[in-house]
Amino acid sequence: MERPLRPGHLTAEQTREVLGITAGALRQLVYRGQLTRSGGTDRYPYYAVADVTALALKRRDRVPA
């Protein structure tokens, strides 16, 4: 059964696809405060599209070491 998704939000899976990262990396971003959950449950969190987009742009623009 698919859960209804509020407009302007992404599931964890969709967020990982946008950022090109693994589930563990997504958890680390949340743990470090770089991305905050905006709804859902502990097991099925949602993230705001604006927050994910801002993080994706920030990660794209960073200078490689």
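Colleague: Over how many bridges do β2 and β3 pair, and is the sense parallel or antiparallel?

Modeller: The general idea comes first. Strands of a sheet pair through backbone hydrogen bonds, and the pairing may be parallel or antiparallel. In this predicted model, β2 and β3 pair over 2 bridges in the antiparallel sense. One place to see this is G40, which stands opposite P45 in β3. A hairpin of 4 residues carries the chain from β2 to β3.

Colleague: Which residue is found in the loop between β2 and β3?

Modeller: Y44 is one residue of the loop between these two strands. With a relative accessible area of 40%, Y44 is partly exposed. Y44 also shows that distance in sequence and distance in space are separate matters. Y44 and T11 are 33 residues apart in sequence, and their C-alpha atoms are 7.2 Å apart in space.

Colleague: What is the order of the strands in the sheet?

Modeller: The sheet is open and has 3 strands in the order β1-β3-β2, with antiparallel pairing. β1 (9–11) and β2 (39–40) are the edge strands; each has a single partner strand, so one side of each lacks a neighbour in the sheet.

Colleague: What is the bridge partner of T11 in β3?

Modeller: The antiparallel pairing of β1 with β3 extends over 3 bridges, and T11 has Y46 as its bridge partner in β3. On this sheet packs α1, which touches β1 and β3, and its direction makes about 95° with that of β1. Another helix, α3, lies across β1 and β3 and runs at about 70° to β3.

Colleague: How should the two faces of β3 be read: which residues are on one side and which on the other?

Modeller: In a regular strand the side chains alternate between the two faces of the sheet. In β3 (45–48), P45 and Y47 are on one side, while Y46 and A48 are on the other. These four residues are all buried, and both faces of β3 are thus covered.

Colleague: Which residues of α1 are buried?

Modeller: An α-helix has 3.6 residues a turn, so residues three or four places apart point the same way. In α1 the buried residues are A12, T15 and L19. They lie on the same side of α1 because they cover an arc of only 60° around the axis. This buried side packs against β1, α2, β3 and α3. Just after α1, G20 takes a positive phi of about 70°.

Colleague: How buried is T15, and what does T15 touch?

Modeller: T15, a residue of helix α1, has a relative accessible area of 0%, which means that T15 counts as buried. Leaving out residues up to four places away in sequence, T15 touches L10, L26, L35, Y47 and V52. A12 may be read in the same manner. Apart from neighbours within four places in sequence, A12 is in contact with L26, P45 and Y47.

Colleague: How many residues does the largest nonpolar core have?

Modeller: In soluble globular proteins, nonpolar side chains tend to be buried together. Here the largest nonpolar core has 10 residues, namely L10, A12, L19, I21, L26, L29, L35, Y47, V52 and L55. Three helices, α1 (12–19), α2 (23–31) and α3 (49–61), each supply at least two residues of this core.

Colleague: How many salt bridges does a search of the whole structure find?

Modeller: To read this feature, one looks for a side-chain nitrogen of Lys or Arg within 4 Å of a carboxyl oxygen of Asp or Glu. The search finds 2 salt bridges in the whole structure. In one of them, the side chains of D42 and R37 meet at 3.8 Å, N to O. In another, R60 pairs with D61, and their closest N and O atoms are 3.1 Å apart.

Colleague: Is D42 buried or exposed, and what of R37?

Modeller: D42 is exposed, with a relative accessible area of 70%, whereas R37, at 41%, is partly exposed. As for the other pair, R60 counts as exposed at 61% relative accessibility, and D61 is likewise exposed, with a relative accessible area of 52%.

Methods. Residues are numbered from 1 along each chain as its sequence is written. This is a predicted model: local features need pLDDT of at least 70, side-chain atom pairs count only at pLDDT 80 or more; totals for chains, interfaces and linings use all residues. Side-chain values use heavy atoms; hydrogens and water are left out. A nonpolar core is a set of buried Ala, Val, Leu, Ile, Met, Phe, Trp, Tyr and Cys residues joined through side-chain atoms within 4.5 Å. Buried means under 20% relative accessible area, exposed over 50%, partly exposed in between (1.4 Å probe, protein chains only). Contact means heavy atoms within 4.5 Å. The arc is that of the directions from the helix axis to the C-beta atoms. Two strands pair if DSSP finds at least two bridges between them. Axes are lines fitted to C-alpha atoms, for helices over the stretch in contact, and angles run from 0 to 180 degrees between N-to-C directions.
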